[in-house]
Amino acid sequence: MCALQDPSAGKPEKDRPAEEARPPGADRPAEKARPPGEGRAAADDEPYEVDEEVQHALDRLTLLINAAEALASTLDTDTGIRRLCRTLVPGLADWCAVDLLDGDGQLRRVAVEHREAERAAPGLYEGLLPSAEGSEAGWARALQGVGPVLLTDFRSPRADDDPLLARELELFRRLETDTAVVAPLRARRQVFGVLTLARTRREAALTEDSLALVEDLAHRVALAIDNARLHSEVQHTAEHLQRSLLPDLPAHGPLELAARYRSAMATARVGGDWYDAFVLPDGALALIIGDIAGHDLHAAIMMSQTRNVLRGIACDRKEPPGKILARLDAAHQILSPHQTLTCVYGLVEKTAPDQSWQFHYSVAGHPAPLLVTREGETRFLDGGRGMLLGMDPDEHRPGAIERLPPESTLLLYTDGLIERRAEGLDRGLARLRQHAAALARKPLEVFCDELLAGLASDGTDDVALIAVRTGPPRTGPAVAVP
């Protein structure tokens with residue numbers, strides 16, 4: 001007898017009817033494409049897998065991307081390093097450590113992260129390390145630019161080991177290290193520290209194949225550290241420049257003075273916020289706060305020039321504050337056309353020795369001064385208001401006079417103290433009144449410090465403020481200096 005043949009036998013798969021191309025009783029969806037040479041049985045038993053080398057490359061790329069995101073998420077070096085370590089553990093290592101050279105060339109461990117958090121609690125292994133000079137430790141070799149180096153043999157510390165080597169061996173022993181890679185954090189021909197990655201399990205040991213990845217990673221870390229340090233230096237220089245442009249306050253007299261300036265912590269840019277105070281020939285205290293539009297070197301230069309022009313105008317002749325601001329506006333139109341600014345100019349003075357202090361002032365588009373009594377009552381001084389400077393030099397500049405009760409505090413400030421993103425200005429003004437009322441009887445220095453700490457905490461804008469406090473009733477001369 002001959003075997004019966006399937007009529008479709010020998011036909012190509014694509015020519016068979018769809019119901020015949022599937023095994024009897026099969027109701028699963030069509031199969032995925034298979035690599036050439038792979039049998040049907042293998043395809044039925046296992047899903048299609050990406051080539052191992054391609055997957056390895058994807059894993060490496062993902063790790064580097066995650067590491068870059070951790071480093072780029074902050075400009076604070078220590079915070080970025082901690083986030084990086086949490087990214088690397090346990091994906092690349094069972095534990096990792098980062099040591100950085102400080103400004104004095106001392107090695108300081110800033111982070112240690114372990115897959116078992118209790119094994120490397122914050123601060124447990126961190127802090128200053130012994131000198132690397134003349135040491136045989138792997139960390140010392142990395143600081144010389146050698147590496148990355150794979151370490152596979154960890155002996156116990158000996159009495160004759162140098163301090164850094166002893167510390168290195170002790171850390172490897174305590175964290176039960178099986179293999180480790182020590183790499184220098186090197187960028188732009190400078191070594192900033194050492195990256196240590198370690199495995200505690202033999203089945204997941206680090207190998208020579210890991211060195212290229214660690215070297216790439218260490219270079220990225222070094223670049224991030226270098227950028228963060230450059231940013232910090234620029235920010236420090238910018239703030240130092242800004243502060244050098246601000247004046248010294250009158251140190252003696254019946255009126256107590258305090259001022260503060262804080263640059264925007266989110267940027268490294270100088271700005272146009274400024275304060276000023278000086279005593280005029282007749283004994284009145286000139287009190288000024290201002291804000292030039294812009295956050296750059298040009299704004300800082302304009303701020304300094306405007307402050308000096310205003311000083312000259314105020315000292316030239318005794319005129320009401322509104323007249324002084326009008327003269328400043330006219331000069332500003334000539335020296336700095338198309339540049340706008342806000343300003344409060346006022347005189348704290350007495351009309352007679354037995355009278356209370358008063359504040360004679362004019363406001364050019366600036367937030368209203370705040371008066372805080374000893375009892376904690378607060379009130380914004382809304383008089384004497386006009387448009388900002390640089391708009392219309394012919395604009396009339398009104399003035400106003402307010403009596404300052406004994407032991408009251410008068411506060412002038414820039415908008416960075418009250419403005420916050422995603423909220424109305426009224427809420428910021430209410431917050432200022434609330435904080436100022438609670439601090440009414442605090443020493444004036446504390447009053448300013450606490451306002452700055454409580455209200456300017458987001459650091460998104462420059463802040464300048466100046467405060468003056470009057471003395472008890474009927475005390476002191478009728479001038480701002482003895």
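# Working through the fold: exercises

L63 counts as buried, with a relative accessibility of 12%; that label means under 20% relative accessible area, while exposed means over 50% and partly exposed is in between (1.4 Å probe, protein chains only). Before you dig in, remember that this is a predicted model, where local features need pLDDT of at least 70, side-chain atom pairs count only at pLDDT 80 or more, and totals for chains, interfaces and linings use all residues. Residues are numbered from 1 along each chain as its sequence is written, and side-chain values use heavy atoms, with hydrogens and water left out.

## Exercise 1: L63 and its neighbours

Find the helix that holds L63, then list what L63 touches beyond its sequence neighbourhood.

Solution.
- Start with the helix: L63 belongs to α3, residues 52-72. Helices here are DSSP runs of H or I with at least four residues, strands are runs of E with at least two, and both are numbered from the N terminus.
- Next, the contacts, meaning heavy atoms within 4.5 Å. Leaving out residues up to four places away in sequence, L63 touches T87, L88, L92 and L213.
- Now zoom in on T87: this residue is 24 residues from L63 along the chain, yet their C-alpha atoms are separated by 7.9 Å.
- Finally, zoom out. Of the protein's contacts between residues at least 6 apart in sequence, 67% join residues at least 24 apart. Of its 482 residues, 46% count as buried, and the elements come to 11 helices and 17 strands.

## Exercise 2: The aromatic cluster

Which residues do ring pairs link into a cluster? Work out the geometry of the W95 and F172 pair too.

Solution.
- Get the rule straight: rings of Phe, Tyr and Trp (its six-membered ring) pair if their centres lie within 6.5 Å, and planes under 30 degrees apart count as stacked, over 60 as edge-to-face and the rest as tilted.
- Count: this rule gives 4 aromatic pairs. Take W95 with F172, where the centres are 5.9 Å apart and the planes are at 45°, a tilted pair.
- Place the partners: W95 is in strand β1 (residues 95-101) and F172 in helix α6 (residues 163-174), which puts them 77 residues apart, in distant parts of the chain.
- Check the burial: W95 has a relative accessible area of 0%, so this residue is buried. F172 is buried as well, with 2%.
- Collect the members: the cluster linked by ring pairs is W95, W139, F154 and F172.
- Look at F154: this residue lies in the loop between β4 and α6 and, at 22% relative accessibility, counts as partly exposed. Beyond four places in sequence, F154 touches F172, T177, D178, T179 and A180.
- Add a charge: the charged end of R109 sits over the ring of W139, 4.4 Å from the centre. That takes NZ of Lys or CZ of Arg within 6 Å of the ring centre and within 35 degrees of the ring normal.

## Exercise 3: Two helices crossing

At what angle do the axes of α10 and α11 cross, and which residues meet?

Solution.
- Axes first: α10 (residues 425-438) and α11 (residues 444-455) come within 10 Å and cross at roughly 145°. Axes are lines fitted to C-alpha atoms, for helices over the stretch in contact, with angles from 0 to 180 degrees between N-to-C directions.
- Then the residues: R431, L432, H435 and A436 of α10 meet F447, L451, G454 and L455 of α11.
- F447 also has R469 over its face, at 6.0 Å from the ring centre.

## Exercise 4: Backbone oddities

Where do the cis peptide bonds at P90 and P148 lie, and are E176 and R189 buried or exposed?

Solution.
- The bond from V89 to P90 is cis, with omega near 5°, and P90 is in the loop between α4 (77-88) and β1.
- The bond from G147 to P148 is also cis, with omega near 5°; P148 is in the loop between α5 (138-143) and β4 (149-151).
- E176, not a glycine, has a positive phi near 55°. This residue is in the loop between α6 and β5 (179-187) and is exposed at 52% relative accessibility.
- R189 is not a glycine either, and its phi is positive at about 60°. R189 sits in the loop between β5 and β6 (190-199), exposed with a relative accessible area of 88%.
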